[in-house]
Amino acid sequence: VYEVKGKELSDTAAAYVRARNADPMCSFGDFVAISHEVDLSTALVLKIEVSDGIIAPAFSPDALEILKAKKGGKFIILQADPSFQIPDMEYRSVGGAGFMQKRNAAVFGRSHLESVVTDLKELSESAKLDLILASIAIKYTQSNSVGYAKDGMMIGIGAGQQSRVDCVKLAGRKLSTWKLRFHPKVQALSFKEGVKRQDRVNARVRFIEGDMQPAERAVWEQNFDVVP
């Protein structure tokens, strides 16, 4: 499903692959942010992804050489300063009016799960980790937002909606798409030789969604040896 079979993935590379595949079409042309050193394994994954740039605190020498050659040398590489302190106040200007507020500096962790308000009081260790991950992810997505997490991975995020109900619906559709990417019919799609990796990813998602217009479907069908 993630097209990394046979590749040796470091923890950092695996984290990036899992994060990107929460929504592989929306991440087309992404800008990557990684909190650890970018190693060779991660750079080799990024080498074949459609991406515009990366920011990370450090890069191994061999990883840096690979990334410098990406996009003919136009791939943006930024080194973050781990010691940088974000200002306490945030400022916005809208239509000539200025707004300021104290930034959300809360760090969600296990202490926030000590008081469980639902009837089910006991949470498994995996559920706790998923709740922590989802809470951190949603903190940094555009409000309003709702997310689903499973096995240490975000698998559906609905963000930027005025209605939280719409957020749930959007996140739920993305969750369903993620799950159906593992369906045997999707896995059995027979692509023509030479179809690019990202085009295969997009074609699988379009097959699942099934909302193509006739002209779009005609283009989509050109990806396959046997049209499904």
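Modeller: On a 1 Å grid over the protein atoms alone, a pocket is an open set of points with protein on both sides within 12 Å along at least five of seven lines, and lining residues have an atom within 4 Å of a point. A volume is the space filled by probe spheres set on the points, which are joined across faces, edges and corners.

Biologist: Okay, and what sort of model is this?

Modeller: This is a predicted model, where local features need pLDDT of at least 70 and side-chain atom pairs count only at pLDDT 80 or more, while totals for chains, interfaces and linings use all residues. Residues are numbered from 1 along each chain as its sequence is written, and side-chain values use heavy atoms, with hydrogens and water left out.

Biologist: How much space lies in the largest pocket?

Modeller: The largest pocket holds about 1,500 Å³ of space. Its lining is made up of 38 residues, and A19, V32, A33, I34 and A137 lie nearest the centre.

Biologist: Which elements give two or more residues to that lining?

Modeller: For the largest pocket, those are α1 (11-20), β1 (30-33), β2 (51-56), α4 (125-139) and β7 (153-159). The top contributor is α1, with seven residues. Helices (H or I, at least four residues) and strands (E, at least two) are DSSP runs numbered from the N terminus.

Biologist: And by class, what is the lining of the largest pocket like?

Modeller: The lining of the largest pocket has 24 nonpolar residues, plus seven polar and seven charged ones. Nonpolar is Ala, Val, Leu, Ile, Met, Phe, Trp, Tyr, Cys and Pro, charged is Asp, Glu, Lys and Arg, and the others, Gly among them, are polar.

Biologist: Where does the largest pocket lie, domain-wise?

Modeller: Domain 1 (1-84) and domain 2 (85-182) both supply lining residues, so the largest pocket lies between them. The domain bounds come from an automatic or database assignment.

Biologist: What about the second largest pocket, how much space lies in there?

Modeller: That one has about 500 Å³ of space. The second largest pocket is lined by 16 residues, with N104, A105, A106, K139 and Y140 the closest to its centre.

Biologist: Where does the largest share of that lining come from?

Modeller: From α4, which gives four residues to the second largest pocket. By class, the lining there has eight nonpolar, five polar and three charged residues.

Biologist: New topic! How many cavities of 30 Å³ or more are there?

Modeller: The count comes to one. In a cavity, a 1.4 Å probe fits but cannot get out. The largest cavity has a volume of about 60 Å³.

Biologist: Which residues line the largest cavity?

Modeller: V1, Y2, E3, R20, N21, P24, E49, R181, R197, Q198 and V201 do. Helix α7 (residues 197-209) gives the most to this lining, with three residues. By class, the lining of the largest cavity has four nonpolar, two polar and five charged residues.

Biologist: Which domains give at least three residues each to the lining of the largest cavity?

Modeller: Domain 1 (1-84) and domain 3 (185-227) do.

Biologist: Let's do backbone stuff. Which peptide bond is cis?

Modeller: The bond from S143 to N144 is cis, with omega near -10°. N144 sits in the loop between α4 and β6 (145-150).

Biologist: And what is phi of E3 near?

Modeller: Phi of E3 is near 55°, a positive value in a residue other than glycine. E3 is in the segment before α1. K71 isn't a glycine either, and its phi is positive at about 55°. You'll find K71 in the loop between α3 and β3 (76-79).

Biologist: Why point those out?

Modeller: Because most residues other than glycine have a negative phi, and most peptide bonds are trans.
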